[in-house]
Amino acid sequence: MSREIKFRVWSVIRESWVHPVLDITNDFKLSDNENRVIEQFTGLKDKNGVDIYEGDVLSNGWIISFKDGMFGIFDEHHHMGINTYMSSFIKVIGNVHENKD
């Protein structure tokens, strides 16, 4: 089974999404010197069918990250990857860029 590879790009300077979604099959270039954060799609959807990306904030306050070769929740209390089963119970409520609280 293959997973869809796509990215989203946040402009630090403009504080907005440069491209809502970048598909790896398209040839794209980030040509100017603007600071950007590129986040990868995990290949999973939350319980409402919303794509889960690095930097997403979940309803319980956890943040999705990529560490040790996997996507998951990593903080001082948690070090766990997410999978299809887990994703059916979680809800994305925002991201670290637009929801800084």
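**I73, its sheet and the rest of the chain**

Leaving out residues up to four places away in sequence, I73 touches L58, W62, I63, I64, H78, H79, M80, I82 and M86, where contact means heavy atoms within 4.5 Å. The model is predicted, so local features need pLDDT of at least 70 and side-chain atom pairs count only at pLDDT 80 or more, while totals for chains, interfaces and linings use all residues. Residues are numbered from 1 along each chain as its sequence is written, and side-chain values use heavy atoms, with hydrogens and water left out.

I73 also belongs to the largest nonpolar core, a group of nine residues: L44, I52, L58, I64, F71, I73, I82, I90 and V92. Such a core is a set of buried Ala, Val, Leu, Ile, Met, Phe, Trp, Tyr and Cys residues joined through side-chain atoms within 4.5 Å. In soluble globular proteins, nonpolar side chains tend to be buried together.

For a wider view, the chain contains one helix and nine strands; these are DSSP runs, helices being H or I over at least four residues and strands E over at least two, numbered from the N terminus. Read from the N terminus on, the order of elements is β-β-β-β-β-β-β-β-α-β. The chain has 101 residues, and 35% of them count as buried, a label for under 20% relative accessible area, with exposed meaning over 50% and partly exposed in between (1.4 Å probe, protein chains only). About 6600 Å² of the chain is exposed, and carbon and sulfur atoms supply 50% of that area. These areas come from the Shrake-Rupley method with a 1.4 Å probe, and for residues only the protein chains shown count as cover. Of the contacts in the chain between residues at least 6 apart in sequence, 47% join residues at least 24 apart.

Three strands, in the order 6-7-8, make up an open sheet with antiparallel pairing. Strand 6 (64-67) and strand 8 (79-81) are its edges, each pairing on one side only. From one strand to the next the twist averages 50°, with axes taken as lines fitted to C-alpha atoms (for helices over the stretch in contact) and angles running from 0 to 180 degrees between N-to-C directions. Two strands count as paired if DSSP finds at least two bridges between them. Strands of a sheet pair through backbone hydrogen bonds, either parallel or antiparallel.

Strand 7 (residues 70-74) is joined to strand 6 by four bridges in the antiparallel sense. Within this pairing, K67 has M70 as its bridge partner, and F66 has F71. On the other side, three bridges link strand 7 to strand 8, again antiparallel, and here G72 stands opposite G81. Both pairings are hairpins: two residues lie between strand 6 and strand 7, and four between strand 7 and strand 8. Strand 7 is largely enclosed by the rest of the structure, because four of its five residues are buried.

The turn between strand 6 and strand 7 holds D68, whose phi is positive, at about 55°. D68 is exposed, at 59% relative accessibility. A comparable backbone value appears at E15, where phi is near 55°. E15 sits in the loop between strand 1 and strand 2 (16-23) and is exposed, with 53% relative accessibility. Most residues other than glycine have a negative phi, and most peptide bonds are trans.

M86, one of the residues that I73 touches, lies in helix 1 (residues 84-87). Apart from residues up to four places away in sequence, M86 is in contact with I73, M80 and G81. The C-alpha atoms of M86 and D46 are separated by 8.6 Å, although these positions lie 40 residues apart along the chain when counted as sequence separation.

Towards the start of the chain, V9 lies in strand 1 (residues 6-11) and is buried, with a relative accessible area of 0%. V9 and V37 are 28 residues apart along the chain, and their C-alpha atoms are 5.7 Å apart. E39, in strand 3 (residues 36-45), is buried too, at 4% relative accessible area. The E39 side chain makes polar contacts of 2.7 Å with the side chain of R8 and of 2.7 Å with that of H97. A polar contact is a pair of N or O atoms within 3.5 Å; within protein, one must be able to donate a hydrogen and the other to accept it, and residues adjacent in sequence count only if both atoms are side-chain atoms. Beyond its neighbours within four places in sequence, E39 is in contact with residues including K6, F7, W17, Y53 and V96.
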